[in-house]
Amino acid sequence: MNDMAEKFCKASTLVPIGLSAAAFGTFMFLKRFGILYQLFHKVDNNIKRNGGDIVGDVLKAHGVKYVFTLVGGHISPILVACEKIGIRVVDTRHEVTAVFAADAVARMSGTVGVAAVTAGPGLTNTVTAVKNAQMAESPVLLIGGAAATLLKGRGALQDIDQMSLFKPLCKYCATVTKIRDIVPTLQTALQIAQSGTPGPVFVEFPIDSLYPYQTVSKEIGIKEKGPLSLMQRITNWYLSNYLKNLFAGAFEERDMSPLAIDIKKPSSSQVQKGIEMLSKAKKPVILIGSQATLPPIPVEELRKALEDIGVPCFLGGMARGLLGKHSSIQARQKRGEALKEADVVIMAGSVADFRLGYGRVLSRKSKIIAINRSKEQLYKNSDMFWKPTLAVEADAASFMVEVARGLKGYKCDPQWLHQLKDKDTVKEKANLEKAKEVTDVHLNPLKVLHITEEVMGDNTVMVADGGDFVATASYILRPRGPLHWLDPGAFGTLGVGGGFALGAKLCRPDCDVWIIYGDGSLGYSLPVIALVGNDAGWTQIEREQAPMFGSSVACKLAFTDYETVAIGYGGKGLRLDRSNEDKIKDVLENAVKQSRDGDSVLVNALIGKTNFREGSISV
């Protein structure tokens, strides 16, 4: 079919000029039932391919290696097609885990993570993970099944208004109503997921857009035998045209290559102003947030740029580990004190939300350079507690790399660096002393974590999933390298551990993958190591609730034998408590060995309570 015919059939507003009313009515009638398109496209009733095959081909053309799922009949053709062409289909036990795993792949691979789930409850089960991906700015493609287009709103199995559910959560939502639209719809979705501020996208596939022609034809209800009434003939005509329009042009050859991704870069004048501000600084500080680890700048290039600039850095979110286990320019402790003293603060992908006290930790005397792809995040709370001196709506890593190239001869005051590193040393010595304290019952959590830090190898990925124990771990454990730390992000979702570890292990099969769990959020598969800080409570909540309201209601759990549960699911379970306190290192090293042998391992560490995070709040 030529280009003019294609445009003529597809244009939603194109109407030939000079038609009579009758002719115009006929034109719109033909257009409404897709008959115009059918005139230019042959429908092959015997073709063996289906819409699921096209979905698989598009995903492969975009470099997708994994599709996470909980299987369902609505999406079976997609899963089978992916398996046939070498895309690994990874099944989970809950749809939310499938999306968490896709999120982890997106963060660690620099591509789009893909999850496919069935209609109705399959999709509603993903909502928390999709919202988490939205707030963490992860490019995730959620593929969902749906009732056949003709049956929507008529009481079909698992038929709900899925689009309304996901429009507030996703950058792009679309329903495929014709098989020929699968390629451009998925191309657009994958492009939008990665452009600007990345985020999740949702594409809904009614079941009749995925199954073969003969199957759909049989199920659609066309009556072919016996005497037909006038109404049945009209119904047959309608259904036949619907079917032909659904499949017209379905399997013609199309370009499936990725569309260009739109990522805003900083202007030369913005970079120059940043260079000038930083070159005059005496006590500068750089805050690196998760967004700085996004493509197109490789994390190793960003790391080199920061080391060339030589300014002390505080790392947060996915940026943890960016500078390696030990770095002369990374500051880990007393961030609030450093920000109060700093004369220039660069917020590279960092946001003035609750993690920065809504901007209250920033000094009004400081000059602040904020770089963020999102205008909303760029100016978050700037009407209340802080004001950016230079606001750059662009890719943070690109800005830092350009600043490093132009900042020649600048050296950060070594005394300022030493001052911050000395505070780190003092705090870390205090932490070591606190690790020696004897808790009321069971093990000191800081002691467990310090020994864990010794045992963890250099090739380790850490997944953080929990409250108090995990927050404590963030002060003790040192991520080994860029993209070797995964936490939920700004949404603070519990339960990410299993899915994140699943995605991480697939992306880094040679790494030891550790999940650092609180005892309120655990469950996983694959050969990873879970360290559960089991203090029999929602301690992060209790720290605030009990002193404020005088009650620990709903905060108490039990010292459950989680290691036995792990064994029941086919993994290995180990226990740490007072009885083997002198063998903590041996037990953890045994866990590493068993994981490397291919087993999933859970270490149930019964811990007592300390005042290490006294005064911390959870909201």
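Good morning. Among contacts in this protein between residues at least 6 apart in sequence, 72% join residues at least 24 apart. I should say at the outset that the model before you is predicted.

Let me give the overall figures. The protein has 619 residues, and 55% of them count as buried. Its accessible surface comes to about 27,300 Å², with 54% of that belonging to carbon and sulfur atoms. The secondary structure consists of 24 helices and 17 strands.

I turn now to one of the sheets. This is an open sheet of 5 strands, paired in parallel, in the order β8-β7-β9-β10-β11. Which strands stand at the edges? They are β8, residues 313-315, and β11, residues 390-393; each has a single partner strand, so one side of each is left without a neighbour in the sheet. On average, and ignoring direction, neighbouring strands of this sheet are turned by 10 degrees against each other.

Within the sheet, please look at β7, residues 284-288, and β9, residues 344-348. These two strands pair in the parallel sense over 5 bridges. I288 has A348 in β9 as its bridge partner. As a general point, strands of a sheet pair through backbone hydrogen bonds, either parallel or antiparallel.

A helix also belongs in this picture. Helix α13, residues 268-279, lies across β7, β9, β10 and β11, and runs at about 145 degrees to β11.

My next topic is the aromatic side chains. The structure holds 5 aromatic pairs, and I shall describe two, beginning with Y213 and F247. Their rings are arranged edge-to-face, 5.0 Å centre to centre, with 70 degrees between the planes. What does this pair tie together? Y213 lies in helix α11, residues 213-220, and F247 in helix α12, residues 230-247, so the pair links parts that are 34 residues apart in sequence. Y213 is buried, at 7% relative accessibility, and F247 is likewise buried, at 4%.

The other pair is formed by Y475 and F612, again edge-to-face, at 5.7 Å centre to centre and 90 degrees between the planes. Y475 belongs to helix α20, residues 468-476, whereas F612 lies in the segment after β17, so this pair ties together parts that are 137 residues apart in sequence. Are these two residues buried or exposed? Y475 counts as partly exposed, at 36% relative accessibility, while F612 is buried, with a relative accessible area of 13%.

Finally, a charge over a ring: R360 lies over the face of F385, at 5.0 Å from the ring centre. Thank you for your attention.

Note on methods:
Residues numbered from 1 in each chain as written. Predicted model: local features only at pLDDT ≥ 70, side-chain atom pairs only at ≥ 80, totals over all residues. Heavy atoms only, no water. Phe/Tyr/Trp six-rings, centres within 6.5 Å; stacked < 30°, edge-to-face > 60°. Helix = DSSP H or I, 4+ residues; strand = E, 2+ residues; numbered from the N terminus. Buried < 20%, exposed > 50% of the residue type's maximum accessible area, 1.4 Å probe, protein only. Lys NZ or Arg CZ within 6 Å of the ring centre and 35° of its normal. Contact = heavy atoms within 4.5 Å. Areas by Shrake-Rupley, 256 points an atom, 1.4 Å probe, with all protein chains shown as cover. Pairing = 2+ DSSP bridges. Axes fitted to C-alpha atoms, helices over the stretch in contact; angles between N-to-C directions.
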